[in-house]
Each structure stands twice: as structure tokens, then as C-alpha cells.
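Reader: I would like a close look at one part of this model, namely the salt bridges and how they connect segments and chains. Please take me through them in one connected account.

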Amino acid sequence: MKKLKLTDIAANENTPLTELNIDELIPLPPPYDRAGDLPGFRQLTEDQRQRLVCNLDGVVSYAGLPKPENEAEKKKYIEQFLGGLKKLLDKENNWTFLQPLILSLDYCAQCQTCNDACPVYLASGRNDLYRPTYRSEIFRRLIDKYGKTGGKLRARLTGKDIRLNWATITRLYELSYRCNLCRRCAQACPMGVDNALITRELRKLFSQELGWAPKELHEKGTVLQLEVGSPTGLNPRVAIDNLEFLDEEFSEATGIDVKTVWDKQGADVLLIHSAGDIISFPESPISFTILCNAAGINWTLSSEIGGYDGVNYGLFYDDVQLARVAIRHAEIARKLGVKKIVMGECGHQHKAFITVADRVLTGDLNIPRESVMTFLENLVFSGKIEFDPSKNDFPVTLHDPCNVVRNLGIVEPQRRILRYLCPQFREMTPSGVDNYCCGGGGGLSVMSDVNFTDWKVNVSGRMKFKQVLEAFADVPGPEVNKYVCAPCLNCKLQFRDIFEHYGAKERSGIICGGLAELIVNAMVDIKTPFIKWFDD
Amino acid sequence: MFWHGFIIGSIVVFILILAYRIIRIASLPVHLRWELAPIPHERDRSKYGGSYLEVYEWWQKPRKKSLTAVIKYMAVEILLLRAIWKYNRALWPLSLTFHAGIYLVILAILLSIIHALVSIGGATSELLLDIAWIIAITGYVLGGLGVVGLILKRISNEGLRPFSSFTTYFNLFFLGAVFLTGYMSWMKAENLAADMSLIIKQTLTLDNAINISYPLSLHIGLSLVFLIYLPMTNMIHFIAKYFTYHEIRWDDEPQDAKMTVKILGLMKQPVGWASSHIKTEEKKNWADTSSGHEKT
Ligand code: SF4
Ligand code: SF4
């Protein structure tokens, strides 16, 4: 593997800095241990290489990155980058994260302790490009050089000079989307430096100043959510129709009356699912309907624009969009007059809404917000629903969504449920706040432009897939059905991509689903198995 | 009077620059919450990284915080370098040696100051001086070994080398010179701590008899220049760490009335970002930009 220098970032603008080679990635346990047996890595075609900006690692996450015709155009973007860089250091434009950014920039001791905490770096076979410190240090040096008085001279004198050119900014853009923002590196840093935060600030610079952001996060993400209602494209009418259809379908399948409640004024609980679940994992929202109704909870969903989709992709790349979505959610809850808002099974919704946006929800927008984990735990142990854990007698392991566990410290409620309801529950190693990201964190799970999915399933999701296989090492074959409980839509989407890529269902009998489905599956009143192991 | 001026002046400059940098960090605006588990003040949950958000309807329940746990956590982090032990075991022995050297030298200086103060009152303690003397020499040796080890490690390790700049080596060499001259002074002096204590006493009492001979003069001179240099560098991470831990990682306070006032002030500031989904004809403030729906 080619060793990289920090200054390489500015060299040869049309040549990738590194090429990924499956043989160099960390090996997976059998039967996925022979690289030759695994699906390959989609290489870019000659046409794509000509058309797209592709100068990082042979992977393109955003086909919309402009390709300037001439030097003047490149210069314009570089000027914009510099403008954004200065705004990041400004008390007005970046009050939201200025203190954490400055501390993370100024106090790194360059000890590299964070590197081995990073699942991407480890999975890549320790490729220099994916060190948490590689992009951070380049960005730090650029900020020192262009954002501080006397920076250029100091950069020369101290040998920290990084050239700022078209190659530098485009590679930094792409590289900012080779990180899950999982903050495992931050947890390991003795100084409290946060490379995930630096990465997010870099994304912010591109989004807020140059308008560069993955289309799945911005144009078809937050913008669509605020205009139409959801990044899935579901408008309120279609969302209601879909759920009504699902209510009917599941009423028939389960034999109990499944009825989703909409727009109930003064309900105790406003539940905000991720609308992606309605489309990709419909048994998840239906499980909540079944559980809330069975426990007699006074609850409702909202059909207002944005109110039936709890995702907030602003958390991944843009403070303004983050605030707009969070405020929209809070306004909807205020209008309904609910007592509390309960997050759906969505990790980044938890982090965005419960903590990060907490400080922009002032006055009567500061409505109590609760995690789905404590909500479900209370419901399961309330004694209002009867359970038969033997219905869940198959191997189950738990994935800890970083945004719920490492970021919010919500570790045990979901485990107490699983220990009670799943006799064969087993932990992954490491787990809890030390978990590995699924590889779809930081918005990556919904990004699938060009050949980006290949990178997600081969590199960023590799440590997780390895962990899952190890957790089921005692029952490796496909004859035993196994369940990865991932109480987060984005994690489930990433697992779905990983399992499909490796054929994990066929070769190892592994499927992935949420927590609520396991709870419903164990309900005495549900006569036929709720969890479906095969598509029928 | 040269030494008096040099010693007192250096300490004053150190304090002023350090205070300036602390105030600069502390006066940065309140940021959005960005906590990270584990948070040690969570009394019953910090062992596994849990937080108060694990409690059903947490906003109705009293918080259970433990200051002792925080102090214990920080003590282990500062004295034994917990994070490096946990995540970078190969670096830990060298880093610990290096930091132990620094801590011991600081401790020896503190003991010498105590002795100087006591001796101004007319008393003297051979025992205290002997203890300070042993601590000082241990500190110089450990610190020196740590510096040499870290320099070699940075040169030889493929992961560390590209990230080690001129400044990194300069700082290490500078500290190495302080330890080395300290060691040389110890070799020459009968009891280095006694000499130090005397110099401190003479400085405090503005005694003109102050006379520092080589190599102690070189050691003290270098140490004082280092003291002035220190707060201008990122070696004051011992201060930064307070903020990164207490004000960011462990700041999990929910919104309250005091915070609301601060935030409302910040939200009145103009937003100057240029992207089309933010920029509008007339400049808006944060409150306006983030409430209503902006067309993109
Ligand atoms: S971010 Fe932290 S752990 Fe990583 S190199 Fe910097 S100081 Fe070391
Ligand atoms: S946030 Fe996660 S993926 Fe990103 S650099 Fe840190 S450890 Fe790696």
C-alpha cells in the first residue's frame, strides 16, 4: 500500500491518491475470507473518470461536484473555499461549534492515538488516507496558513505548508465523506480533540459556502423534507395512504386491529418515525402502532410536512438545515399540544433532536423529548402486555447506533428488553459505548451515488460485518436463523446493503431488523410469527 | 537585579499569556451540545457509559451527579494517562515517563518554594530539601529519557513521522535541554533543591546577594524562556483539556432559562454564509434563517 504524505493532497489533481484493493482490507471470517469468492469492487469506467471529479480513492460519492473548464473557474472555487474557511472561525457565522472547532484545531498533540480507534482506518488495512488525522491535519494546516495572521510565513518556517489548489479542495470534499462521524476517534483522544467534529465542519464549509453536499443529504434530503415532507419523497397524503394500507395488511396478517393514529390534538405522545421505515421496513412503524395501542398509550403521528419523518440530515453536513428541521419538528409538536415527543428507531434523530438542537429549541419549542429505548422499556415492563420470550428463541445480537449509544449514553434500556425477551441474546465485541459504527453513520447509509455503495459495504461496514459474524460464530451456517437488532433506520439500511453484498442471508442465515419488531414477535396476542425470515 | 527581573518577569509574562489564552477560549460563544459517553459525573451509570437519558421521562426525575467520580477520572487521566493506556499501549510507557518527569520537576519546584517560604520565617528543613532533591533528579532523568524516547519514536514510527513537524521536534528538544541542564546542575551541586530554595528565597525577598553559577544559571535561564514560550504553544493542552472535557464532552446540561438568554442573543447575529439555500437578498439573522421555510 502506498504511503501518503500530507502534501500529496495537492499533487496531480486528476490522479487518485490511493486505489483500493480488496486483498489489502482486513480479512473477514469464513465463509467470507477468500477475496476471490467475494463480489468485486466496481471500478469507474473510463467515461466516468473523464466526466467526474475522481481524484481520491477511485470512489465517487457525489457525481454533482463541478468540473471546472478553466483555471479561472478553479480559482473562483478556491476563493469560495477560503471565504468559507474564514467564516468557520467567525463568532457570528459559526457560533454553533466555534469553541469545539478551535479547541480541536489548536490542541492536537499528533500522538495518533485516535487512529486505531477508527473502524474505517482499521478495515482499510491501515490506509494512510483514512487515518482520522489525515484530513484533520491538512485542514488544520490550511486554517493555520490562511485563517491566521502571519500564517503563510509560519507555514513555510515550520514546514507545515500545504498548497491550496483544486486538487486539495476536491479531495478534502470527498474525504469528508469517508468518515462516519461516529466519534470513536474522539473517545480515544487524550486531549479531547474531535476529528469527527473537524470533518463535519469541513462538510459545513462546503455546504454552507460552496453549495457542495451529497444530493441524498441536501437536495433530496433536508430540502425535500422541508418542502415536501420527507427525503423519501412521501408527501403527507401518500404517507397516510401508505400507512393505512399497511394497517390493513397487518391487521389481516396478525389478526388484531392495527390502527395508526394521526394528528390527535392533545395526545400525550407525538411519535416521529423515520419515513424511510414506512417504505423499507414497514413492520417497524406497524410494530409501534401495535405496541402503543396494546399498552393503551394516548399517542399520535403527525401528517404535517416534515412531521412524519424524524430524520434530520442537517446533523451530518449543515447547521442551518439542522436547525430548520429541528425547529420544524418542535413547531409541529407545539401545535398538536402533545406532552412529549418520542423519537422513532433512528439514531441521528435522537442526537439531532434530543441534544444537538436542544439549545436552539427555546421557549415553548422546548418540549420534552424522549428516546424510543426508554419509551419501549417502560412499555415492555409496564405489565400491560403479555409476552412469551420463547417465541424469540433464536440467536439475536444488538447493534449500538453510535448516535444513541456513544453520543447520548443510552446503553442499557434496549439491553434490558433483549435480555428479557430474547433467550439467545449475545453481545458483539466491543459493544455499548465502545461499539463500532455500522459503516453508514454520518449520512453515508443513504448515499449511493456512482460506486459509493461499494466503498460502504467493503470498507466502512467491514468491521461491523466482521463483528456480526463473530457474534454468531457458534452458529455460522444458514440453517440457523439469526437476527441483528439495529434500532436505527440508517443502520438497518447499511446492514441491508452489507448483507445483500455478501449474501449473508443465504450464506449465514442473518437478517436485520429493529427492536420493536422483536417485542411484537414475543407478544402472546400475536399468533403467527411477526418476524419473517424469508421474503414470501 | 538581573535575576530578580528575569525570574519575576518570566513568571508574570507566563501568567499573562496563559490567562489571555484561557479567557480567549472561555469567551467563545456557547456552542450546541456535543457530549460524548462515557460521562463520569453520571453517578450510577458512568461505569458503562450510561447517561440520564436512560431514565424514562428524565425531565421529571432528579439528576444524580458525582463530583468525586469526575475528580477520580481526571486524576487517573492526568497522572496515569488513561486514554493512552487504553488506546495506544505502545506509546504509553514513553508518554508516561515523559509526563512523570514533568510532574516530578514541578513538584520539586513546589517543595523548594515551600522551603523558601519557611526559611524566610527563619526555619529550615533538611528533610524537605532532601525529598525535593530526590524528586528533582528523578524528574530530570525520567523527563530526559522520555524526551529521547519520544524523539526516537517519532522519527522511527511510520504513523507518527508524517505528522511530526519542526515545531514538534523543537518543543521536545527544548524540554530535553531543560531536563539535561537540570541534570547537569544536579551533578554539580551539593543539593540542588537547597540551591533552588535559596534562589527562590532571594528572589522573593529581593535579596541582592543572588548569585547563580553555571550550569544552574543555564538551567534556570532555559527554564524561564521555556515558561514564556509554553503558553504560546499547544503544549498548554492541560488547560485546553479542561474545556474539551468539561465544556464539550461532559456538558450535558439541558436548556435552562440562563442558557436561553444566551442563545437568543446569539440567534440575533447575522448569517453570512453564501450558499443559495442560506443567502437571501436582505441579510437575515440566525433566528429568521432557521425558523420559517427558506426556498432553496
Ligand atoms: S486527535 Fe487526539 S489522539 Fe488523535 S493525534 Fe490528535 S491528540 Fe492524538
Ligand atoms: S468519526 Fe469514526 S469514522 Fe470518522 S474518523 Fe473518527 S473513528 Fe473514523
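Author:
**Salt bridges in and between the chains**

In this predicted model, a salt bridge brings together the side chains of B:K64 and B:D44, with an N to O distance of 3.6 Å. The two residues belong to distant parts of the chain, 20 residues apart, although both B:K64 and B:D44 lie in the loop between α1 (2–26) and α2 (67–80) of chain B. B:K64 has a relative accessible area of 44% and is therefore partly exposed, and B:D44, at 37% relative accessibility, is likewise counted as partly exposed.

The loop between α1 and α2 of chain B also holds B:R63, whose side chain meets that of B:E253 in a salt bridge of 3.5 Å, N to O. Here the link spans 190 residues, since B:E253 is found in the loop between α9 (237–249) and α10 (257–267) of chain B. B:E253 is partly exposed, with a relative accessible area of 34%, and B:R63 is partly exposed as well, with a value of 29%; a residue is called buried under 20% and exposed over 50%, so both values fall in between. B:R63 and B:E253 are also members of one network, in which salt bridges that share partners join them with B:E42, B:R45, B:E54, B:K65 and B:D252.

A further salt bridge involves both chains: A:K3 pairs with B:E158, and their closest N and O atoms are 3.5 Å apart. Because A:K3 lies in the segment before α1 (46–51) of chain A, while B:E158 lies in the loop between α5 (126–156) and α6 (166–188) of chain B, this pair joins two chains. A:K3 counts as partly exposed at 41% relative accessibility, and B:E158 counts as partly exposed at 47%. Over all chains, a search of the whole structure finds 50 salt bridges.

For charged residues outside such pairs, one may turn to chain A, where A:E244, A:E248, A:E249 and A:E252 gather on the surface in a patch of negative charge; residues in a patch of this kind have over 30% relative accessible area and no salt bridge. One of the four, A:E252, lies in helix α11 (residues 236–254) of chain A, and with a relative accessibility of 73% A:E252 counts as exposed.

Conventions: Residues are numbered from 1 along each chain as its sequence is written. Chains are lettered from A and ligands numbered from 1 in the order in which they are written. This is a predicted model: local features need pLDDT of at least 70, side-chain atom pairs count only at pLDDT 80 or more; totals for chains, interfaces and linings use all residues. Side-chain values use heavy atoms; hydrogens and water are left out. Patches are made of residues with over 30% relative accessible area and no salt bridge: like charges are joined within 9 Å, nonpolar side chains (Val, Leu, Ile, Met, Phe, Trp, Tyr) within 5 Å. Accessible areas come from the Shrake-Rupley method with a 1.4 Å probe; for residues, only the protein chains shown count as cover. A salt bridge is a side-chain nitrogen of Lys or Arg within 4 Å of a carboxyl oxygen of Asp or Glu. Lys and Arg count as positive and Asp and Glu as negative; His and the chain ends are not counted. The place of a charge is taken as NZ of Lys, CZ of Arg, CG of Asp or CD of Glu. Buried means under 20% relative accessible area, exposed over 50%, partly exposed in between (1.4 Å probe, protein chains only).
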